[in-house]
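Hi there,

Here is the structure I promised to pass on to you. Have a look at it first, then read on for what turned up in it.

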Amino acid sequence: IMSGSKPDILWSPHHPDHYVICDSELGLYRIGPVGSSETKAGTLPLSEETAATLLAINSDTPYMKCVAWYPKHEPECLLAVGQANGRVVLTSLGQSHNSTCKELVGKEFVPKHARQCNTLAWNPVDSNLLAAGLDKHRADFSVLIWDISSKFSSEASVASEKIRLSSVDLDSSSVVTKPLYELGQNDACLSLCWLLRDPKLLLAGMHRNLAIFDLRNTSQKTFVNTKAIQGVTVDPHFPDRVASFFEGQVAIWDLRKFEKPVLTLTEQPKPLTKVAWCPTRNGLLATLTRDSNIIRLYDMQHTPTPIGDETEPTIIERSVQPCESQIGSFAWHPSSQNRMVVVSAANRVMTDFTVFERISLAWSSTTSLMWACGRHLYDCVEDGAEGVESVIEKDIATKMRQRAQSRYGHDTVQVWRNHLLAGGNDPQLKSLWYDLFYILLSHMKQCAEDMELKLQGNKQSVVYSGIKNIVKTSSGTKESRRCWNGSDRQTDLPRYDSEERCLALRLCGWMSRGPDIGVEVFLRSLEQDREWERAAAVALFNLDIRRAIQILNKGATAEKGDLNLNVVAMALSGYTDEKSSLWREMCSSLRLQLKNPYLCVMFAFLTSEPGAYDGVLYESSVAVRDRVAFACMFLSDAQLPRYMDKLTNEMKEAGNLEGILLTGLSKDGVDLMESHVDRTGDVQTASFCMLKGSPGEVLKDPRVQCWIENYRNLLDAWRFWHKRAEFDIYRGKLDPSSKPLAQVFVSCNFCGKSISYSCSAMPHQGRGFSQYGVSGSPTKSKVTSCPGCRKPLPRCALCLMNMGTPVSNCPGTGKSDEKVDLTRENKLAQFNNWFTWCHNCRHGGHAGHMLSWFRDHTECPVSACTCKCMQLDTTGNLVPSDSS
Amino acid sequence: MCRTDRVPTAGILWLALVVIMFVARSIAADHKDLIHDVSYDFHGRRMATCSSDQSVKVWDRSENGEWHCTASWKTHSGSVWRVTWAHPEFGQVLASCSFDRTAAVWEEIVGESNDKQRGLSHWIKRTTLVDSRTSVTDVKFAPKHMGLMLTTCSADGVVRIYEAPDVMNLSQWSLQHEISCKLSCSCISWNPSSSRAHPPMFAVGSDDSNVTYGGKVQIYEYNENTRKYAKAETLMTVTDAVHDIAFAPNLGRSFHVLAIATKDVRIFKLVPMRSDRKESTSTGPTKLEVQIVAQFDNHNSQVWRVSWNITSTLLASSGDDGCVRLWKANYMDNWKCTGILKGDGSPLTSSSGQPTAMSTIVGSSVQTSQNALNGMSAGRYFFPPLDPPRAGTRYGHLLPPSSLIEHCDAEPIQPQQALPYRLSSRALLPLPEAEGQ
């Protein structure tokens, strides 16, 4: 229905790429891919992929009120236009030399009394029949069904028309005034549609009712009183379902129970202008209201039931926004799935748009995303392509998987190396694993000392409690004023020393153990890692300006070195402790412009008043360990604990793993780790880190147990079963309480005792079923009967030997066509002797024999047993994804 | 049968996230009507789909990554809304729910040997749960540590919790709890946390669109003493229809995260108040501090689904804009859009009126893809990284400079972010639970 110059769209019934826009004129467009329609002038982009070409314009028919496209293939572009005066004109777009077309084009169908033609509908079967709905004119008929093939017109009536509409030049030969049927007397008709279930039935939206006219008996009609009489339209997928509307409300009707609407949709604040069923999809109704840029969709999920069932159909209300501007009209594409063309209310801007179905989606445990859209599935898999990895940071799930595969956390000797196993690019992890390394190192050293001194004590746990606690107990701190190294100039700087502070420096990695006490080892390692600025700062904090300058020079001259370091060295060499010197003044102001935090803190240190080192201590870009070490040297017993507390809280708050240095593996450390897990989800690091805390207290923390369980669960979900088993073994070493009990034992059929029970109960006998067990005992005793009652063990279903007899040879294994690694085969040879059975039928035998049997069979080898032993367990058929 | 002509059947499109590269690939699903749900098993090697064609299909992934449909059968006499897997320790078990007012439990059994050879599996119905008088809108198994329990919710506003007391006999399920939520329920999600500190908890969402009915997300918690579920919280700010809800995998975190699909994507953090942890078992439900951490209207329309990855560091959502969007939080808990794909797997283009953050890079890595089917051209689409690259920064770089945080096109709306709101004490009172008669 068109009102005024508001545009409407019609798709061609036969050309899937043709459509007509009608506003004040008719425009025929062809839609095609953007590239292919050779860049003609006048090609309009409809979407990223499609564009429209204007093929023809027809402005022969003024006062257009409604348009309907002739449904037959021939003639192709025949349109019926309903006009404001009630006339229906047949017109065409483009050149058609077809004779029937020539005959029809220009034909007019004129009602007795002039009034607006509201709607037109071609009969889908008998395409000669064209129904027109008109406004009311006294007692006249409002539904006229014209036969376009009729040739005769009453001269008399034409004459009368001619007088009334003198402006229109009429060719009397092409004017039809006698309709085939006249219906709806004394009424108005606002909308029409032919019913698909019976082409003799016409549904009409009349003034105050919906009426069904039967052409076989025009004197009768079925009707129902309602206001919803506009835009009647039949659901192409359910011929008994009809939609109509009134103002903002849509009513859905079931023609089989026509008394009342089966449902009414939520009322819209603005009046509706178009309602259309999607032709390519069940139960999808699109609606448009005035002055709106959205199309509202109603997804009716269910076939209406024929009997009056009380089931409420589930309706999902959706809205789509095809374009930014206000929508004038839209039309579903007749065959392309969920596709429509939308035309704007002004300026005839067109958009090609496809309504997506509601997408449901799911992540798999291995971070691939599957989604379903309509009837299609899309698998979105994480790409393992190399090359981009360095640029793009991965998700923690991916990181943990990769780290599990590189045995992250498992290096128990060079503990610091674990950060390399984690990829070596995470500064927090680097800091963490160095912390743990130094802690364990100090712990071992302390243990060794304690052994020497024959001390049993709680002292061992002190290294685990973190620097914060270590320095808290500091006693006997000595304050000293040292000289600048290499000069005898006394400094103002008080430096503090105690046993605990010394331990703290070791834990920070600044001081090495052994005879080579001092910072030189550390400096050299920093130089090796080309951390020039950091090394220089550490040297300076150890009051060795010369060394610092030397390092900076080295850094400047090194390959790809920064020449600016020489300038810094120069600035450094001018150091003076003169309070009011120009040097000081300039350094204080210019140091903030230095980009490198270590260079920055060097000058901060040199220009600070003794004891007021905030410029160093709170420079957050400087590693925590360096700031802590600095604090341990230069803060007094009063200042130090305060700074430690503050820094610790900051680290805990942020979940920064560098803070483990301060907290150690204490409850504080668990708190910090909790904060880290909360932020990152990295339960892998949390589990491995806390397992290092040998005091055992942290392991008892339910949070730690929870992380461990979650990490194991992740490994299981990824089918990293070997990695999980290795983790469990590792965990069992560090946390004996986690060792699981034996899972299964085999009991003797006769005495009911476990056949391995006797072995474990009498370990001194050294006999038993070690060949069934996990470890291969060197004494290969042959036991074929129950150690308890001496009755024989069951026989292998294949070789019929009593179990316990070693497998002599195994058919099927070591076939020449199977390329098997010999050493691997030997490793597995013992497994052939294992006793195995089906849990369902309880038949079994030597594992090797059973395995080779099931290579070729699915059923149990025991006669008359039809058990499909090998197919019982789906999980059993899954292979671990981490086996090499 | 309608055929879509716009879906690339074997097209490959690349999507780069800040963190992840993805390749989207279409699979011929062969459902005769719309697919409503897709669900992975615990290991991600099997998948189930359900559809308006009243069937469920089971898919198995081969070692080379291809999906093969190994079972397809009619499950209900109406649209099947959802399908879900039990933990594999209970066997190969599926549950489905439907418009036909029932939920059903299915178990894979050992089929004929030739079935197995043809790559088919056989599923039989173990039980039909017929307690609902309206459409059953969602079905979920409870977390494994609770045993084999199944939860349904239905359009009549009732959540039902069933238990299989004998995991060897899946034909017997007893209705343990019947909880009336007063509003038509559309979705349910269990809190997956297995921590003892967290009592069993689930959230239920309502698709009732009447905003005057108040909060559309309710959270229930099990009370050890009364042995009943009681309402712990109602998210009063979520007043529009809720279409999907998902608790994030907890992974040992001290709080719970809940994603909600309503007229926008919302992410809530539920922090159990520590001080009540001990007494909570006796006095009532755990007090939860509710914080909204993100709210995104980028879909610019209704949001239909939300799904978390296994570490709850990535959230995927789908909406009426026909797009799948991926969200990720940075270290500071700032959530950002990190990727957009259209529903047909193609990259989003600017014509849809959406901001686009993609630029094509002709990468040499394109040909490394094994999956270049049909020789269709593949392009990589990159999104600008959100976080500054770590390289070059030294230790202790905790906060990325603020200028670097805020340059994604997808700006979050984060109302009340700093102000976790507390609900009135009235809302905290447990709702009397209607136990099964």
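Glu108(B) and Arg46(B) meet in a salt bridge, with 2.8 Å between the closest N and O atoms. Keep in mind that this is a predicted model. Glu108(B) belongs to strand E9 (residues 103–109) of chain B and Arg46(B) to strand E4 (residues 46–51) of chain B, so the pair ties together parts that are 62 residues apart in sequence. Buried or exposed, what would you guess for Glu108(B)? Glu108(B) counts as buried, at 13% relative accessibility, because anything under 20% does. Arg46(B) is buried too, with a relative accessible area of 5%.

There are more pairs of this kind: a search of the whole structure turns up 58 salt bridges over all chains. As background, side chains of opposite charge can pair when their charged atoms come close. Here are two from chain A.

In one of them, Asp637(A) pairs with Arg501(A), and the closest N and O atoms are 2.8 Å apart. Asp637(A) sits in the loop between helix H15 (624–634) and helix H16 (639–654) of chain A, while Arg501(A) is in helix H7 of chain A, so this salt bridge ties together parts that are 136 residues apart in sequence. Asp637(A) is partly exposed at 37% relative accessibility, whereas Arg501(A) is buried at 1%.

The other joins the side chains of Glu527(A) and Arg547(A), at 3.1 Å from N to O. Glu527(A) lies in helix H8 (residues 520–528) of chain A and Arg547(A) in helix H10 (residues 545–557) of chain A, so the parts tied together are 20 residues apart in sequence. Both Glu527(A) and Arg547(A) are buried.

Back to the helix that holds Arg501(A). Helix H7 (residues 499–508) of chain A is mostly covered, with eight of its 10 residues buried. Among them are Glu500(A), Arg501(A), Leu503(A) and Cys508(A). Right after H7(A) comes Gly509(A), with a positive phi near 90°.

Now for some strands in chain A. How many of the five residues of strand E8 (residues 88–92) of chain A are buried? Five of the five are, so E8(A) is largely enclosed by the rest of the structure. In a regular strand the side chains alternate between the two faces of the sheet. In E8(A), Val88(A), Leu90(A) and Ser92(A) point one way, and Val89(A) and Thr91(A) point the other way.

E8(A) has strand E7 (residues 78–83) of chain A as an antiparallel partner, over five bridges. Gly82(A) has Val88(A) as its bridge partner there. E7(A) and E8(A) make a hairpin with four residues between them, and Gly86(A) in the turn has a positive phi of about 95°. E8(A) is also joined by two bridges to strand E9 (residues 108–109) of chain A, again running antiparallel. In that pairing, Val88(A) stands opposite Phe109(A).

You can also find an open sheet of four strands in chain A, in the order E23-E24-E25-E26, with antiparallel pairing. Strand E23 (272–277) and strand E26 (315–320) of chain A are at the edges with a single partner strand each, so one side of each has no neighbour in the sheet. From one strand to the next, the twist averages 20°. E23(A) pairs with strand E24 (residues 284–289) of chain A over five bridges, and Lys274(A) stands opposite Leu288(A) in E24(A).

Over to chain B, which has four helices and 28 strands. Of its 437 residues, 61% count as buried.

Two residues there are worth a click. Ser206(B) lies in strand E16 (residues 201–206) of chain B and is buried, at 4% relative accessibility. The side chain of Ser206(B) reaches the backbone oxygen of Ser184(B) at 2.6 Å. Its contacts further along the sequence include Lys216(B), Asp240(B) and Ala241(B).

Asp240(B) and Ala241(B) are also touched by Lys263(B). Lys263(B) is in the loop between strand E20 (256–261) and strand E21 (265–272) of chain B, and is partly exposed at 40% relative accessibility. A polar contact of 3.4 Å links the side chains of Lys263(B) and Asp240(B). Which distance separates the C-alpha atoms of Lys263(B) and Val303(B)? They are 5.7 Å apart, although 40 residues lie along the chain from one to the other.

Happy browsing!

Key: Residues are numbered from 1 along each chain as its sequence is written. Chains are lettered from A and ligands numbered from 1 in the order in which they are written. This is a predicted model: local features need pLDDT of at least 70, side-chain atom pairs count only at pLDDT 80 or more; totals for chains, interfaces and linings use all residues. Side-chain values use heavy atoms; hydrogens and water are left out. Buried means under 20% relative accessible area, exposed over 50%, partly exposed in between (1.4 Å probe, protein chains only). A polar contact is a pair of N or O atoms within 3.5 Å; within protein, one must be able to donate a hydrogen and the other to accept it, and residues adjacent in sequence count only if both atoms are side-chain atoms. Contact means heavy atoms within 4.5 Å. Two strands pair if DSSP finds at least two bridges between them. Axes are lines fitted to C-alpha atoms, for helices over the stretch in contact, and angles run from 0 to 180 degrees between N-to-C directions. A salt bridge is a side-chain nitrogen of Lys or Arg within 4 Å of a carboxyl oxygen of Asp or Glu. Lists of a residue's contacts leave out its neighbours within four places in sequence.
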